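Dear colleague,

Please find the structure below, handed over for your own examination. My findings follow directly after it.

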Amino acid sequence: MKLQSDRILIEIFRNRFQAIADEMAVVILRTGHTVFVKETGDFGAALISESGEVFAAPVSVGVTIMVGLPMAEALRRSRLLGEDEGDVFIANDPHLTRGMATHLSDIFLWKPIFHEGKPVCYAVAFIHSSDIGGRVAGSIAPSNYEIFQEGLRIPPTKFLERGEVNREFLELFLLNVRIPEQNWGDLKALLTGLSTAERRIKDLITRYGAAAVQDRIRGVLDYAEAEARAIITRVPDGTYTFWDYMEGDQFGGGVVRIKLHLRVEGSDLHLDFSETDPQVRFAINMPTYSQRGHWMVAFGVVNWLRTTAPGITYNAGLVRPVHLHIPEGNLLNPDERAAVGVRAATMFRIADTISGALAQALPEEIPAAGSGQGSILLISTPDPATGKTRVSVVQPLAGGSGARPTKDGIDGIDFLMGYLRNIPTEVIEAEMSGVLVLGYALRQDSAGPGRWRGGTGIELELQVFPPYATITNRGMERYIFRPWGRMDGAPGEKGRTSLNPGTEREQDIGKIDVLSLEPGDVLYLATQGGGGYGNPLDRDPDRVREDVINGLVSTAQAGDVYGVIVQNGNVNEAATVRERVILRRQQLPGGAFGFGPERLAYEERWPDTLQTALNEAVAPYPVPLRSFLRDRTVRLAEARAERGEKISVRMLQELIAEVRRSLTQHRGTGGDAAQRGSC
Amino acid sequence: MGPYRLGVDIGSTFTDLVLIDESTGRPSMLKVPTTPRDPAAAVRQGVQALLAAERLAFGDVSIFVHGTTLALNTVIERSGAQVGLIVTRGYRDLLELRRLRLRDPQNFNADRPSPLVPRRLVREVSERMLADGSVYVPLNAGEVAIAARDLEAEGCTAFAICFLHAYANSSHEQMARTVVEEICPGAYVCTSHEVWPQRREYERCSAAVINTYVGGRLKSYFTRLESELRRLGLTAPLLSTKSNGGVMTARTAGERPIETVFSGPAAGVIGASYLARMIGEERVITLDMGGTSADVSVINGGYTFSTDASAGDFPIILPAIDISSIGAGGGSIAWTDAMGVLKVGPRSAGASPGPACYGQGGTEPTVTDAYVTLGIIDPDWFLGGTMPLKKGLAVDALATLGDVLGQTAQEVAWNVLQVATAKMFAQFAPLMARHGVDPRDYAILAYGGAGPTHVFMLAREVGVGKVIIPSLPGGLCALGCLVADLRADFVHTWNRKLGPASVADLAEAFRDLESQAHRWVATEDFPVAAVRYERTAEMRYAGQSFELSVPLDEIDISDILVRFHARYHAVYGYADPDAPVEVVDIRVQVVGETIKPQLQIPTREGGPALLGDRSILFEGTPMRVPVFDRKRLTAGAAFSGPAIVEQYDSTTFVPPGFRVRTDHRGNLIGEVE
């Protein structure tokens with residue numbers, strides 16, 4: 001690895017490129033229209049090298065995690081279409097861009113920036129459109145099972161031809177979406193952002209020359225790569241295996257496993273997800289096309305790099321050493337028909353999986369698992385004045401972050417969701433007549449205990465008076481398995497949802513798909529606490545006391561779990577010493593990870609080898625049949641396990657055969673047609 | 001001769017004093033080191049020295065305006081009162097949860113700042129207002145009494161009260177205040193609706209808590225300062241500057257100290273804008289660069305205000321002059337990373353130990369060391385020779401980087417300035433985009449100790465063709481104190497759809513705010529030439545989640561809808577005249593225009609302006625650069641870069657490519673040749 005460019009100019013150009021990327025994002029924010037742009041900042045911008053790598057991306061505005069955006073295929077296609085000065089290209093299809101777009105709601109525009117008839121580099125920008133057509137308003141629904149339900153698929157297409165809008169395309173596009181004016185407004189904002197970047201790059205070319213600019217583009221990429229490799233080299237070589245789960249129980253999918261073998265070889269990271277579960281028939285598939293450094297996977301690595309070196313150069317050089325190995329048909333590399341709308345939830349769990357693997361290599365650097373949920377609680381009520389249905393965001397719901405190796409987790413928010421802002425109760429109540437937010441506070445005793453405890457979860461309690469109110473909350477996770485603790489630390493509390501708590505009508509309702517409420521119903525939601533780090537019996541008694549007097553830990557938990565006896569706000573030291581001796585004797589051996597009883601019980605029934613064997617057994621079948629065989633087999637096996645039988649490879653083979661037989665009864669015996677995909 | 005106006009600005013390194021003779025407009029200036037332990041000591045000592053030098057007595061001073069960072073420092077250092085907070089049941093974690101968002105969510109070591117009031121000192125009481133101001137649960141005064149007693153027993157000496165929807169109905173907060181005052185007589189008590197009655201419970205609560213946290217300290221500071229100055233013979237009214245660029249009486253400042261938090265930098269912008277207006281410049285970007293920060297603000301006819309400034313870790317939603325940092329100033333430390341790439345900042349040597357050349361123990365090279373090494377700053381002429389710098393230390397510090405980079409200290413120094421400028425550019429360009437400003441249409445007005453030194457290099461980089469260096473670049477904040485107006489802001493959350501019927505109600509709501517504003521001016525009891533009201537409505541299309549500020553300069557607001565649609569179109573490029581429109585907040589800013597002194601720079605001292613020349617290294621080439629004495633440059637004097645202009649409080653560096661002339665008010669005006 002050598003730095004091509006002069007080391008002074010590197011820093012100057014790095015700053016100039018950064019300024020352009022940031023300015024482009026600011027322009028889009030200022031001129032964008034839809035709520036996603038203004039409120040959640042779900043848009044992005046970047047500068048792209050000729051080879052399709054991000055050489056600068058914003059760090060403070062919009063989506064700031066996109067350095068691993070794979071643009072090579074999109075550029076190949078725009079070159080085939082012919083690139084001219086003033087052209088802008090558009091696409092949203094994951095398949096035809098090989099993972100540049102990862103769901104249809106993100107509309108990408110890119111523009112070649114010319115000098116003397118040749119493109120020097122590219123600017124790209126995307127916006128999460130609030131609606132791109134499809135089965136449901138807003139386009140995204142977890143229950144969607146194929147991409148065609150998720151909106152209009154746009155292949156790489158010339159959107160501006162020498163500065164002129166492609167009217168035929170625009171008309172087709174706007175006819176297929178529910179909010180055409182807003183979408184057109186957002187596209188105009190992207191075009192303004194791209195023009196800004198073009199002007200700034202041209203200023204640089206005027207000052208330094210095109211060859212020098214291109215040389216520095218390569219220079220800053222190489223520089224970031226060198227910085228990343230210097231950090232990765234510190235990680236001991238070896239293979240680190242970890243898996244975690246997503247929860248598809250609402251859609252008949254049980255839990256879905258993301259399994260990673262992280263192979264560290266010198267300064268390269270190989271992320272092998274080949275044993276991750278196959279793609280599923282709901283919308284959590286993630287189309288990475290196994291691209292090197294893909295941003296939705298590399299996110300977990302980039303966060304670690306930026307934690308280790310906060311001022312690190314921020315571009316695709318960081319993810320050059322990150323290689324993905326994901327076979328087609330996998331949850332993380334599904335076929336082109338798979339539904340992908342809710343892939344953000346999957347991204348969070350991948351980050352947890354990478355953390356778990358890295359934690360084995362770097363036990364002193366990686367936090368325990370955070371809440372792992374980033375759901376958006378929506379309420380829809382009929383507007384009594386107009387009779388129309390009104391949908392409003394009540395609150396983004398995340399929980400505490402995982403404990404760090406040297407300090408507690410953060411209460412009430414997790415890094416993965418750390419960019420979100422909550423909505424003031426005073427705004428919610430003013431805008432939704434008849435909705436009262438009775439409480440919004442930290443959740444006592446939810447944090448995973450440890451020498452360093454996790455962050456606590458959040459409790460939200462609301463009372464709803466209008467008739468026909470319904471609640472949805474897409475992205476709820478960790479209601480089955482807990483956020484894991486580390487190094488003898490305990491896991492955090494699971495999520496909990498109940499209706500009318502403390503009354504006779506109290507009901508534990510778990511994850512919400514669509515919930516209808518009666519007037520006066522009280523809904524209570526409690527998010528997860530982050531996992532703990534280190535043995536809770538080693539926690540400084542004074543910290544436990546602080547948590548007790550601040551009300552975050554109950555006196556009971558302080559005694560039972562931490563062995564710290566707090567009386568009248570003071571630590572009873574003698575009693576604490578005694579209690580800790582007793583608890584230490586009773587304590588089961590901990591370990592690198594504290595997963596909690598639910599996951600341990602599940603893996604008692606479904607050990608790693610069995611899960612892998614099941615995936616291998618169904619692998620030869622075409623995608624729809626594979627899902628069907630897998631889901632039915634799991635259900636039948638669980639039923640047998642409930643009767644006391646132990647699930648085995650042989651049992652699974654029998655069950656698969658049984659399910660297949662049930663599908664082919666109408667054909668009589670013999671033949672193997674089903675396997676060739678007639679389903 | 002006389003009377004005299006006296007402006008004092010307490011900065012982190014220096015306390016600046018400017019005295020203006022109202023009859024002649026002649027200013028005089030003094031800088032004394034700030035005394036952080038007892039800031040009033042430097043004020044007293046500086047005032048005495050300045051008056052003595054001008055052969056004046058305290059009684060000759062007609063107005064004393066004073067700006068202090070004491071409130072800001074109290075928050076940043078967390079050295080305020082032990083505050084107890086009383087909130088609505090269910091909302092104990094207002095301060096813990098904030099608005100959730102983390103400042104740096106990609107860094108696993110990030111933390112959310114711990115609140116000024118720990119969770120154990122927050123008490124919930126039964127009470128509940130609804131959004132329309134109706135009472136849902138009456139206040140349980142008994143619970144308030146218990147909470148106050150508990151908190152007092154825990155050692156709280158100040159109390160903040162924040163109830164939900166208090167902006168719509170403040171009666172519960174008022175009742176609770178009475179209860180707390182009865183139980184804890186003499187305690188500093190503050191309610192959220194008094195501080196800033198705007199919807200959004202976290203921000204309103206945070207404002208009330210900050211005001212309570214710094215209240216006691218600021219109140220006694222102002223009281224003590226006033227009594228000391230009175231004892232020394234001061235008879236003039238004592239005023240304090242405000243974050244919104246205005247002034248208020250010291251008495252009011254003791255009640256509402258939160259409004260002094262950003263007053264220092266705000267006064268600088270006021271001073272800059274006053275000078276710009278005098279020379280007919282409408283569009284100006286101010287650059288205030290000192291030892292610890294480089295701040296910019298945009299003036300486009302008037303100031304721009306922001307409602308999302310931060311004091312240390314906490315948001316302040318009261319309107320403040322919109323000022324953004326674009327870097328760490330002359331104290332920014334230069335270093336090389338593991339790969340040998342040259343970096344500047346974000347660490348700063350600050351005021352202490354300061355740059356290596358200060359000789360106060362700093363060994364790391366800074367931007368200021370680069371100026372000295374290159375010969376831009378004359379080490380023997382810093383602060384008029386009162387604080388000589390050690391060039392040898394600067395060169396040594398830069399030479400350590402030279403070893404890594406294979407360059408001489410001089411070459412490194414030049415590269416440090418290049419990198420520092422690129423970093424400022426990286427902040428500056430997106431910031432201008434956020435303001436919707438094309439910097440090419442603007443002039444930069446530079447002040448602060450390092451502003452004149454660096455501004456031309458920044459201007460070249462960002463494409464600004466015109467640079468203004470005022471005659472007192474080091475005293476602009478103190479000058480701003482003297483030309484500020486009485487200014488106060490009032491807000492009301494109206495939150496209704498706008499229809500033909502409700503326009504009349506809205507007008508009524510504006511009249512209410514204006515009468516509050518009128519009362520404020522009357523109570524301040526300070527002579528003003530004229531009073532005007534600036535009205536704005538925060539509006540949006542029904543169902544949107546963000547608002548647009550619509551200025552309403554006429555008393556008649558019947559065309560408010562037309563104005564909204566027009567403004568929306570101007571900002572977003574489209575408008576929907578048929579869609580229903582909501583008004584969320586309305587604001588009134590009252591301006592009591594003070595009588596401004598006419599600043600006149602005295603006739604220049606005689607003698608040749610050209611002091612000689614120095615050799616500096618510019619873009620890798622050594623060149624001879626003429627050095628001018630600022631106080632001898634007469635109106636009309638002109639020269640081309642490269643050139644250096646020295647004066648008491650700063651050094652101006654003009655690179656090649658700019659031509660500079662001195663205007664008849666003593667400003668240096670630089671333009672691209």
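Helix 2 (residues 70–77) of chain B and helix 7 (residues 201–231) of chain B are oblique to each other, because their packing angle of about 130° lies neither in the range of 65 to 115 degrees nor over 145. The model in which this is seen is a predicted one. The axes of helix 2 and helix 7 of chain B are 9 Å apart, and helix 2 of chain B passes helix 7 of chain B in a right-handed crossing. From helix 2 of chain B, the contact takes in L70(B), A71(B), T74(B) and V75(B). Their partners in helix 7 of chain B are I210(B), Y213(B), V214(B), R217(B), L218(B) and Y221(B). By class, the residues of this contact are 8 nonpolar, 1 polar and 1 charged.

Two further helix pairs in chain B deserve description, and helix 12 (residues 409–435) of chain B takes part in both.

In the pair with helix 10 (residues 367–374) of chain B, the packing angle is about 135° and the axes are 9 Å apart. That angle makes helix 10 of chain B oblique to helix 12 of chain B. The crossing of helix 10 of chain B with helix 12 of chain B is left-handed. On the side of helix 10 of chain B, the residues in contact are V367(B), A370(B), Y371(B), T373(B) and L374(B). Helix 12 of chain B meets them with A409(B), Q410(B), A413(B), W414(B), V416(B), L417(B) and A420(B). The contact between helix 10 and helix 12 of chain B comprises 10 nonpolar and 2 polar residues, with no charged residue.

In the pair with helix 13 (residues 451–462) of chain B, the axes come within 10 Å and cross at roughly 60°. Helix 12 of chain B and helix 13 of chain B are therefore oblique to each other, and their crossing is right-handed. Helix 12 of chain B supplies L417(B), A420(B), T421(B), M424(B), F425(B) and F428(B) to this contact. The residues of helix 13 of chain B that meet them are H454(B), M457(B), L458(B), E461(B) and V462(B). The division by class is 8 nonpolar, 2 polar and 1 charged. L417(B) and A420(B) of helix 12 of chain B are in contact with helix 10 of chain B and also with helix 13 of chain B.

I turn now to the contact between the chains. Chain B contributes 70 residues and chain A contributes 74 residues. The area buried between chain B and chain A is about 6500 Å², and carbon and sulfur atoms give 54% of that area.

Side chains of opposite charge can pair when their charged atoms come close. How many salt bridges are there between chain B and chain A? The count between chain B and chain A is 8 salt bridges. R540(B) forms a salt bridge with E431(A), with the closest N and O atoms 2.5 Å apart.

Over all chains, the count comes to 98 salt bridges. Within chain A, the side chains of E53(A) and R320(A) meet in a salt bridge at 2.8 Å, N to O. This pair links distant parts of the chain, 267 residues apart. E53(A) is in the loop between strand 1 (43–48) and strand 2 (54–56) of chain A, while R320(A) is in the loop between helix 7 (295–308) and strand 11 (322–325) of chain A.

Finally, some points of backbone geometry may interest you. G345(B) and P346(B) are joined by a cis peptide bond, with omega about 0°, and P346(B) is placed in strand 22 (residues 342–348) of chain B. A cis peptide bond also joins G641(B) and P642(B), where omega is about 5°. P642(B) lies in the loop between strand 31 (638–640) and strand 32 (643–647) of chain B. In chain A, R98(A) is not a glycine, yet it has a positive phi of about 50°. R98(A) is placed in the loop between strand 3 (88–91) and strand 4 (106–115) of chain A.

Yours sincerely

Notes: Residues numbered from 1 in each chain as written. Chains lettered and ligands numbered in written order. Predicted model: local features only at pLDDT ≥ 70, side-chain atom pairs only at ≥ 80, totals over all residues. Heavy atoms only, no water. Axes fitted to C-alpha atoms, helices over the stretch in contact; angles between N-to-C directions. Helix = DSSP H or I, 4+ residues; strand = E, 2+ residues; numbered from the N terminus. Parallel < 35°, antiparallel > 145°, perpendicular 65-115°, else oblique. Left-handed = near helix turned anticlockwise from the far one by under 90°. Contact = heavy atoms within 4.5 Å. Nonpolar A, V, L, I, M, F, W, Y, C, P; charged D, E, K, R; others polar. Buried area = accessible area lost by both parts, 1.4 Å probe. Salt bridge = Lys/Arg side-chain N within 4 Å of Asp/Glu carboxyl O.
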